Amino acid sequence: MADRHQLLTEQIPHLRRYARVLHAGRMADADDLVQDTLERAVNKWGLWRGVGSVRPWLFSIMHNLFVDHCAVRNAQATESLDDLPDAAHPVQAATQELHFEALELLAALQRLSVPLREVLLLVAVEGLSYTEAAKALGVPTGTVMSRLSRARSQLWQLTNGEGAQRPALRIIDGQRSVG
């Protein structure tokens, strides 16, 4: 088994990406959250059971720290896309249309409630299973599934117009697909 330092170091890019979106691209706040998460993980290392990936456990710590921080501030800060640092904008050179679509997606993500945004990021971006995301957030697996469904629907509506309907799911050769 890899040592603690290696296990934690490997997760830093994932933690930073998640923290940046939680903090609406505010790099200093995101870096503080990552630092606090890693510090708590080191101090509480004995609580990790060592089964499976350490990532869900770290996301759980980060989630709890973020919720505590929001409770203290008692408000969600939102920023204009013009106020986002350049690091929150797409890194890859893109056409003007793709750049606009990426900015629109970032804005739509920030309009989702924190619980929906967290589930969407953990499952769709970080690749956690429903069970791992449920553990990280301290909620039942069914709650993760329903939040993910609502997040995807709201994101679709936010990026395709308020009246837009998501395409219905249909079964094709025994697999689900959007059609």
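Tyrosine 18 and phenylalanine 59 are both buried in this predicted model. The ring centres of tyrosine 18 and phenylalanine 59 are 5.0 Å apart and the ring planes stand at 80 degrees; because an angle over 60 counts as edge-to-face, the pair is assigned to that class. Tyrosine 18 belongs to helix H1, which covers residues 4-22, and phenylalanine 59 belongs to helix H3, so the contact between the rings ties together parts that lie 41 residues apart in sequence.

The structure holds two aromatic pairs. Besides the pair of tyrosine 18 and phenylalanine 59, the rings of tryptophan 45 and tryptophan 57 are paired, with centres 5.8 Å apart and planes at 80 degrees, so this arrangement is edge-to-face as well. Tryptophan 45 is located in the loop between helix H2 (27-43) and H3, and tryptophan 57 in helix H3; the two residues are 12 apart, and the pair links distant parts of the chain. The relative accessibility of tryptophan 45 is 16% and that of tryptophan 57 is 17%. Since buried means under 20% relative accessible area, tryptophan 45 counts as buried, and tryptophan 57 counts as buried too.

Further contacts were computed for tryptophan 57, a residue of helix H3. With residues up to four places away in sequence not counted, tryptophan 57 touches Ala41, Lys44, Trp45, Leu47 and Trp48. Tryptophan 57 and lysine 135 are 78 residues apart along the chain, while their C-alpha atoms are separated by 7.6 Å.

Trp57 and Lys135 also appear in the description of a pocket. The second largest pocket encloses about 330 Å³ of space. Its lining consists of 13 residues, of which Trp48, Arg49, Val51, Trp57 and Lys135 are the closest to the centre. Two elements give two or more residues to this lining, namely helix H3 (55-73) and helix H6 (130-137). The largest share, four residues, is provided by H6. By residue class, the lining of the second largest pocket contains six nonpolar, four polar and three charged residues.

Serine 129 is found in the loop between helix H5 (114-125) and H6. The relative accessible area of serine 129 is 33%, and because partly exposed residues fall between the limits of 20% and 50%, serine 129 is placed in that class. Between serine 129 and threonine 141, which are 12 residues apart in sequence, the C-alpha to C-alpha distance is 9.5 Å.

At the level of the whole protein chain, seven helices and two strands are assigned. Their order along the sequence is α-α-α-α-α-α-α-β-β. The protein chain has 179 residues, of which buried residues make up 34%. Among contacts between residues at least 6 apart in sequence, 58% join residues at least 24 apart. The accessible surface of the protein chain is about 10,800 Å², and carbon and sulfur atoms account for 52% of this area.

Technical notes:
Residues are numbered from 1 along each chain as its sequence is written. This is a predicted model: local features need pLDDT of at least 70, side-chain atom pairs count only at pLDDT 80 or more; totals for chains, interfaces and linings use all residues. Side-chain values use heavy atoms; hydrogens and water are left out. Buried means under 20% relative accessible area, exposed over 50%, partly exposed in between (1.4 Å probe, protein chains only). Contact means heavy atoms within 4.5 Å. Accessible areas come from the Shrake-Rupley method with a 1.4 Å probe; for residues, only the protein chains shown count as cover. On a 1 Å grid over the protein atoms alone, a cavity is a set of points where a 1.4 Å probe fits but cannot get out, and a pocket is an open set with protein on both sides within 12 Å along at least five of seven lines; lining residues have an atom within 4 Å of a point. Grid points are joined across faces, edges and corners, and a volume is the space filled by probe spheres set on the points. Ala, Val, Leu, Ile, Met, Phe, Trp, Tyr, Cys and Pro count as nonpolar, Asp, Glu, Lys and Arg as charged, and the others, Gly among them, as polar. Rings of Phe, Tyr and Trp (its six-membered ring) pair if their centres lie within 6.5 Å; planes under 30 degrees apart count as stacked, over 60 as edge-to-face and the rest as tilted.
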